[in-house]
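Trainee: Could we go through this model together, asking each time what a label rests on?
Mentor: Gladly; let us look at it first.

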Amino acid sequence: MAPTTTATAAAEKPPQHARKAVGLAAHDNSGHLTPIHISRRNTGDDDVVIKVLYCGICHSDLHTIKNEWRNAVYPVVAGHEITGVVTEVGKNVARFKAGDEVGVGCMVNTCGGCESCRDGCENYCSRVVFTYNSVDRDGTRTYGGYSDTVVVSERFVVRFPSAAAGALPLDSGAPLLCAGVTVYAPMRQHGLCEPGKHVGVVGLGGLGHVAVKFARAFGMKVTVISTSPAKRQEALERLGADAFIVSTNASEMKAAMGTMHGIINTASASTSMHPYLALLKPKGKMILVGLPEKPLQIPTFALVGGGKVLAGSCMGSISETQEMIDFAAEHGVAADIELIGANEVNTAMERLAKGDVRYRFVVDIGNTLKSD
Ligand SMILES: NC(=O)C1=CN([C@@H]2O[C@H](COP(=O)(O)OP(=O)(O)OC[C@H]3O[C@@H](n4cnc5c(N)ncnc54)[C@H](OP(=O)(O)O)[C@@H]3O)[C@@H](O)[C@H]2O)C=CC1
Ligand SMILES: O=C/C=C/c1ccc(O)c(O)c1
Ligand SMILES: [Zn+2]
Ligand SMILES: [Zn+2]
């Protein structure tokens, strides 16, 4: 199908850029993706131009294209697990050069001056600009990595390690840019990275399976808490989880009560929190990273009794992202992926909605997304 132009954007008259690019866009809450012509800005002094090679499909992409968070502004070109090769840099860019292998995650701009930015937690900047479905500082809408080219300020680009430093593949490494840092950052911040501690992972999807791998790399005991009995064998044998509990199996849940120092909760749909809180030791921590369409109900007695901690966590800072990429390369952590062509994205979205993916779709943008 021939790409369309950005009719909605043109009607709203945002600034238009000179650099032409092609992407895959959703135009309404059917979430159906079709090729589209978009524009990217000319190379600014601090910019890095990247030829996109791979882009992971995060469940946030699916929530957004279907407008489940009620914030989609169409057309939406999603994708924030982006890897590729630098093709050009602006004159102030010192850290990157043409030919470098790099990644871009969930954000492409922040204010730089607020308390969060000054503290190096720019993922909590009140003026954060997300990689897609956001408004950039110049008033244009941001388009993500389901696209052949991205132009990103140097500050939001991370380096993929060279072969000498234990290279990380650009395809299976792409999901680390969102899924990876989203679980790595809270595990580090909340001490769920200490050898011998016991961590639970709710939801064995894109985020969850990477959390299992990081937990193993930290030397922790890790238990998967899943709604899918069919994932048991692969969780234990391929991913190396120490235990697997089906959340609807009362005896398995009872046997694990009070055993976990913390839980990383990646469920993409709203669930009852009570059974999960019961798995925590006194003072154990439940870290929510999943962003279901519907809000959760908090069972106060289950939280307050036992002095349990309920926390949220969103993405990670750029320094945490670079640290996580370097750690992943050193410890051989990457996603289990199904590599697909650009013409397969709609089928992939349908399968993701059903939980039918082991464990991340990655679009082979470089070889399959063509401008005509
Ligand atoms: N906080 C942040 O910064 C970020 C948040 N997210 C959010 O995290 C969530 C997970 O993303 P991702 O890993 O890509 O999604 P996936 O679809 O890959 O995985 C989600 C998993 O949740 C579990 N699940 C699904 N439905 C239910 C249910 N009704 N009850 C309990 N568990 C369920 C399933 O695991 P199983 O079969 O094992 O039960 C499923 O595999 C999404 O909501 C996403 O938007 C994503 C990235 C960053
Ligand atoms: O997949 C990552 C999504 C992160 C995110 C967090 C909060 C929010 O409001 C978003 O629109 C995206
Ligand atoms: Zn994401
Ligand atoms: Zn800020």
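**Two metal sites and a ligand**

Mentor: Along the chain, the donors of the zinc ion (ligand 3) are spaced C-x21-H-x97-C. This is a predicted model, where local features need pLDDT of at least 70 and side-chain atom pairs count only at pLDDT 80 or more, while totals for chains, interfaces and linings use all residues. Residues are numbered from 1 along each chain as its sequence is written, chains are lettered from A and ligands numbered from 1 in the order in which they are written, and side-chain values use heavy atoms, with hydrogens and water left out.

Trainee: What makes Cys58, His80 and Cys178 protein donors of the zinc ion (ligand 3)?

Mentor: Donors are N, O and S atoms within 2.8 Å of the metal (3.2 Å for Na, K and Ca), and water is not among the atoms, so sites may look incomplete. Cys58 (SG), His80 (NE2) and Cys178 (SG) lie 2.0 to 2.3 Å from the zinc ion (ligand 3), so they qualify.

Trainee: Why is the arrangement around the zinc ion (ligand 3) called tetrahedral?

Mentor: Four donors count as tetrahedral if all angles lie between 85 and 135 degrees. Here the four donor atoms subtend angles of 98 to 124°, so the arrangement is tetrahedral. The ideal angle for four tetrahedral donors is 109.5 degrees.

Trainee: How do you know whether Cys58 is buried or exposed?

Mentor: Buried means under 20% relative accessible area, exposed over 50%, and partly exposed in between (1.4 Å probe, protein chains only). Cys58 has 3%, so this residue is buried; Cys178, at 5%, also counts as buried.

Trainee: And what of the zinc ion (ligand 4): which residues coordinate it?

Mentor: Cys111 (SG), Cys114 (SG), Cys117 (SG) and Cys125 (SG) do, at 2.3 to 2.4 Å. The angles among the four donor atoms are 105 to 117°, and this site is tetrahedral. The donor residues follow the spacing C-x2-C-x2-C-x7-C.

Trainee: Why is Cys111 called partly exposed?

Mentor: Its relative accessible area is 23%, so Cys111 is partly exposed. Cys117, at 12%, counts as buried.

Trainee: How do you know that Ser60 makes a polar contact with ligand 2?

Mentor: A polar contact is a pair of N or O atoms within 3.5 Å; within protein, one must be able to donate a hydrogen and the other to accept it, and residues adjacent in sequence count only if both atoms are side-chain atoms. A polar side-chain atom of Ser60 lies 2.6 Å from an oxygen atom of ligand 2, and for His80 the distance to an oxygen atom of ligand 2 is 3.1 Å, so both pairs meet the cut-off.

Terms used. Tetrahedral: all angles 85-135°; square planar, octahedral: opposite > 155°, others 65-115°.
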